[in-house]
Amino acid sequence: MNMYEFNKFLGAILGSALLLMVVNIIGDALVHPTIPAKAAIAIGDGAEEDAKEEAKAEDAKEDTGPGLAALLAAGDAGKGAKAAKKCKACHSFDKGGKHKVGPVLYGVVGRGMGGGTNFKYSSALMDKGGAWSYADLDAFLANPKGFIPGTKMAFKGIKKQTDRANLIAFMRQQHDSPPALPAE
Ligand code: HEC
């Protein structure tokens with residue numbers, strides 16, 4: 001390809017790019033995509049009602065499901081001990097154990113948040129304050145970063161509530177005097 005041909009070639013490319021831009025600009029100018037605040041066609045009031053009914057049904061389902069207290073009461077510490085293997089990469093559950101990436105969890109139920117001695121907690125966890133209630137532990141283990149945004153516990157959480165209840169039942173055993181289970 002000689003220089004002249006190359007210039008023609010380049011010109012063609014630039015020309016098409018320019019044309020595309022112009023078409024784009026004109027297109028945008030002609031068609032204003034405005035998003036209506038309200039749907040132009042109401043899809044029957046019934047649809048909304050149905051959605052509400054469904055939401056209510058969902059709520060009702062949650063209410064009738066076994067609550068945390070019932071799950072904890074039925075918690076299987078043996079299964080929990082197995083589930084705790086996931087935690088052991090970072091935590092010791094033993095009395096007098098050593099901190100690893102995470103603090104020793106012996107006696108953590110009912111202990112002040114960030115109450116492990118000589119462990120450097122994140123400020124997020126320290127700022128949370130309060131003591132580890134059963135409900136707090138359940139929420140934290142379900143979604144650590146959701147319960148304490150900024151925690152340095154790099155663990156995605158445990159989805160199933162029964163799995164968490166088993167784990168908490170195990171954690172209760174790794175304790176000198178665990179707080180009483182919630183009554184309801
Ligand atoms: C990848 C490492 C890692 C894994 C896996 C992990 N943790 Fe943690 N955990 C941490 C770290 C780090 C902290 C301190 C968090 C902070 O300071 O924000 C922590 C904190 C905690 C605390 C708060 C302790 C206190 O003294 O306030 C609890 C409870 C806890 N973890 C339970 C668990 C359980 C139960 C599991 C297993 C299901 C688990 N963790 C898995 C690293 C981990």
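These legends go with close-up views of a predicted model and its ligand.

**View 1. The ligand in its pocket.**
Start with the ligand, which sits in the largest pocket. A shell of 28 residues surrounds the ligand, and the closest of them are Cys87, Cys90, His91, Ser122 and Met153. Sorted by class, that shell holds 19 nonpolar, 6 polar and 3 charged residues.

**View 2. Helices that reach the ligand.**
Which helices each supply at least two residues of the shell around the ligand? They are helix H6, running over 134-142, and helix H8, running over 161-173. H6 gives the largest share of the shell, 3 residues.

**View 3. Polar contacts to the ligand.**
Here we pick out three side chains, beginning with His91: an N or O atom of its side chain is 2.7 Å from a nitrogen atom of the ligand. Arg111 puts a polar side-chain atom 2.9 Å from an oxygen atom of the ligand. For Thr151, a polar side-chain atom lies 2.7 Å from a ligand oxygen atom.

**View 4. His91 and its surroundings.**
His91 gets a view of its own. The residue is found in the loop between H4 and helix H5 (123-128). Is His91 buried or exposed? With a relative accessible area of 10%, His91 counts as buried, because the cut-off for that is under 20%. Its side chain has a partner in the protein as well: a polar atom there lies 2.7 Å from the backbone oxygen of Pro103. On the ligand side, recall the nitrogen atom 2.7 Å from an N or O atom of the His91 side chain.

**View 5. The largest nonpolar core.**
Now away from the ligand and into the largest nonpolar core, which has 30 residues. Those with the most contacts inside this core are Phe93, Trp132, Phe140, Leu141, Leu167 and Met171. Helix H3 (68-73), helix H4 (77-83), H6 and H8 each supply at least two of the core residues. The biggest giver is H8, with 6 residues. H6 and H8 therefore turn up in two views, as each also supplies at least two residues of the shell around the ligand.

**View 6. Asn118, a backbone oddity.**
Last comes Asn118, which lies in the loop between H4 and H5. What is the phi of Asn118? About 60°, a positive value, although this residue is not a glycine. For context, most residues other than glycine have a negative phi. Asn118 is exposed, because its relative accessible area of 80% is over the 50% cut-off.

Key:
Residues are numbered from 1 along each chain as its sequence is written. This is a predicted model: local features need pLDDT of at least 70, side-chain atom pairs count only at pLDDT 80 or more; totals for chains, interfaces and linings use all residues. Side-chain values use heavy atoms; hydrogens and water are left out. A residue is near a molecule or strand if one of its heavy atoms lies within 4 Å of it. A polar contact is a pair of N or O atoms within 3.5 Å; within protein, one must be able to donate a hydrogen and the other to accept it, and residues adjacent in sequence count only if both atoms are side-chain atoms. On a 1 Å grid over the protein atoms alone, a cavity is a set of points where a 1.4 Å probe fits but cannot get out, and a pocket is an open set with protein on both sides within 12 Å along at least five of seven lines; lining residues have an atom within 4 Å of a point. A molecule sits in a cavity or pocket if more than half of its atoms lie within 2 Å of its grid points. Helices (H or I, at least four residues) and strands (E, at least two) are DSSP runs, numbered from the N terminus. Ala, Val, Leu, Ile, Met, Phe, Trp, Tyr, Cys and Pro count as nonpolar, Asp, Glu, Lys and Arg as charged, and the others, Gly among them, as polar. A nonpolar core is a set of buried Ala, Val, Leu, Ile, Met, Phe, Trp, Tyr and Cys residues joined through side-chain atoms within 4.5 Å. Buried means under 20% relative accessible area, exposed over 50%, partly exposed in between (1.4 Å probe, protein chains only).
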